Amino acid sequence: MKKKLGAPAHLSTRGRAFWRSVITEYAIDDPAGLELLRRSCEALDRADGAREIVAAEGATFTTRTGEVRAHPAVAIERDARNAQRQLLRELRITDPPADGQISRLGRTS
C-alpha cells in the first residue's frame with residue numbers, strides 16, 4: 001500500500017490542495033521529487049500572495065519624483081509563476097496534449 005504523503009504545514013490552503021492533487025495523481029515518493037513539489041507549492045503560494053498585493057495596490061506606483069513604475073509584486077508574481085512552471089516541468093507534470101492522450105510520465109494507474 002502506498003504511504004500517504006501529507007502536505008507541508010506551512011503551505012496555504014491552495015498550496016496544500018495542489019500538493020494533494022499532485023501526490024494523488026502522480027507517483028512522486030522520492031526525496032528529490034518531493035522537494036521539487038514542495039518548492040512548486042511554495043512558488044504557487046508566493047505568486048498568489050504577490051497577486052493579492054497587486055490587486056490591492058495596483059500594478060504600478062508613482063515615485064516621489066512623479067515617475068510611474070511597475071509595482072515590485074508584479075515581478076515577484078511573474079518570477080514565482082515561472083519558477084513553478086519550471087519545477088513542474090522538472091517533475092514532468094505538464095498539460096495533456098490537445099488530442100486527449102495522457103502522456104504524463106510517472107503517473108499512477
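This passage looks at the nonpolar core, a buried glutamine and the salt bridges of a predicted model. Residues are numbered from 1 along each chain as its sequence is written, and side-chain values use heavy atoms, with hydrogens and water left out. Local features need pLDDT of at least 70 and side-chain atom pairs count only at pLDDT 80 or more, while totals for chains, interfaces and linings use all residues.

The largest nonpolar core (buried Ala, Val, Leu, Ile, Met, Phe, Trp, Tyr and Cys residues joined through side-chain atoms within 4.5 Å) holds 15 residues, of which I23, I28, L37 and I93 touch the most other members. Two or more residues come from each of α1 (13–25), α2 (31–57) and α3 (72–90), helices being DSSP runs of H or I with at least four residues, numbered from the N terminus. The most, 4 residues, come from α2.

In helix α3 sits Q84, which is buried at 11% relative accessible area; buried means under 20%, exposed over 50% and partly exposed in between, with a 1.4 Å probe and protein chains only. Leaving out residues up to four places away in sequence, Q84 is in contact (heavy atoms within 4.5 Å) with F18, S40, A43 and L44.

The model has 8 salt bridges, each a side-chain nitrogen of Lys or Arg within 4 Å of a carboxyl oxygen of Asp or Glu. One of them pairs R14 with D48, with the closest N and O atoms 2.5 Å apart. R14 lies in helix α1 and D48 in helix α2, so this pair ties together parts 34 residues apart in sequence. R14 is partly exposed at 48%, whereas D48 is buried at 16%.
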